[in-house]
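Biologist: Before I use any of these labels, I would like to hear the reasoning behind them. Please take me through the model.

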Amino acid sequence: MLEDLEILNGIITPEFDIYNNIYSVSIAEDVEELVINYKVSDDYVVNIIDNNNLVPGENEVYIQVIKENEINTYTLLVNKEETEQASNLEYLLEPLEVKEELPTYVAPLIIGSCIFLMLVFFLIIFKKKKVK
């Protein structure tokens, strides 16, 4: 039985629990394989599967704990970070040019129009109706 599990070059979530068989592991982009530290009960053999050549994105690593006819498999869902390279650095470094500035009266005109429209809607909604 697996008694303890630790990933030395990644972050495992949730923390190890002997009753949980599925874990998430986050690793950096330069990690090619997990460095796994584990502790098992006596007479158990550990077999680690698919723990090499981890690619960017999602990977699955399996830890089999075997004793005679009993096999318990733990699944590590490994997420390897990937960096995106900027495709056109010259375009990103171009200064932003403002072609035309708005006149100074535009902002007060918009605010005044909004206030006028709110007053009109207020009068329409809350206008007292004549009772006959």
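Modeller: This is a predicted model. A place to start is leucine 76, which touches Leu5, Ile7, Ile12, Tyr23, Val25, Leu34, Ile36, Asn59, Glu60, Val61 and Ile63, leaving aside residues up to four places away in sequence.

Biologist: What makes these contacts?

Modeller: Heavy atoms within 4.5 Å count as a contact. Leucine 76 is also among the residues with the most contacts inside the largest nonpolar core, together with Leu5, Val25, Leu34 and Val78. That core has 19 residues. At least two of its residues come from each of β1 (2-7), β3 (22-27), β6 (57-67) and β7 (70-80).

Biologist: How many salt bridges are there in the whole structure?

Modeller: One was found. Glutamate 32 pairs with lysine 80.

Biologist: Why is this pair called a salt bridge?

Modeller: The closest N and O atoms are 3.7 Å apart, and the cut-off is within 4 Å, so the pair qualifies. The two residues are 48 apart in the chain, with glutamate 32 in the loop between β3 and β4 and lysine 80 in strand β7.

Biologist: Is lysine 80 called buried or exposed, and why?

Modeller: Its relative accessible area is 4%. Buried means under 20%, so lysine 80 is buried. Its partner glutamate 32 has 45%; that value falls between 20% and 50%, so glutamate 32 is partly exposed.

Biologist: What is the phi of aspartate 43, and what is that of aspartate 50?

Modeller: Phi is near 70 degrees for aspartate 43 and near 65 degrees for aspartate 50. Both values are positive, in residues other than glycine. Most residues other than glycine have a negative phi. Aspartate 43 sits in the loop between β4 (36-40) and β5 (45-49), and aspartate 50 in the loop between β5 and β6.

Biologist: Why is aspartate 43 called exposed, and aspartate 50 partly exposed?

Modeller: Aspartate 43 has a relative accessible area of 63%, and exposed means over 50%, so the label holds. Aspartate 50 is at 45%, between the two cut-offs, and therefore counts as partly exposed.

Biologist: Which peptide bond is cis?

Modeller: The bond from threonine 13 to proline 14, with omega near -10 degrees. Most peptide bonds are trans. Proline 14 lies in the loop between β2 (11-13) and β3.

Biologist: What makes up the nonpolar surface patch?

Modeller: Phe116, Leu117, Phe121, Phe122, Leu123, Ile124, Ile125 and Phe126 make a patch of about 940 Å². One of them, phenylalanine 121, is in helix α2 (residues 106-126).

Terms used:
Residues numbered from 1 in each chain as written. Predicted model: local features only at pLDDT ≥ 70, side-chain atom pairs only at ≥ 80, totals over all residues. Heavy atoms only, no water. Core = buried A, V, L, I, M, F, W, Y, C linked by side-chain atoms within 4.5 Å. Buried < 20%, exposed > 50% of the residue type's maximum accessible area, 1.4 Å probe, protein only. Helix = DSSP H or I, 4+ residues; strand = E, 2+ residues; numbered from the N terminus. Patch = residues over 30% accessible without salt bridge, like charges linked within 9 Å, V, L, I, M, F, W, Y side chains within 5 Å. Areas by Shrake-Rupley, 256 points an atom, 1.4 Å probe, with all protein chains shown as cover. Salt bridge = Lys/Arg side-chain N within 4 Å of Asp/Glu carboxyl O.
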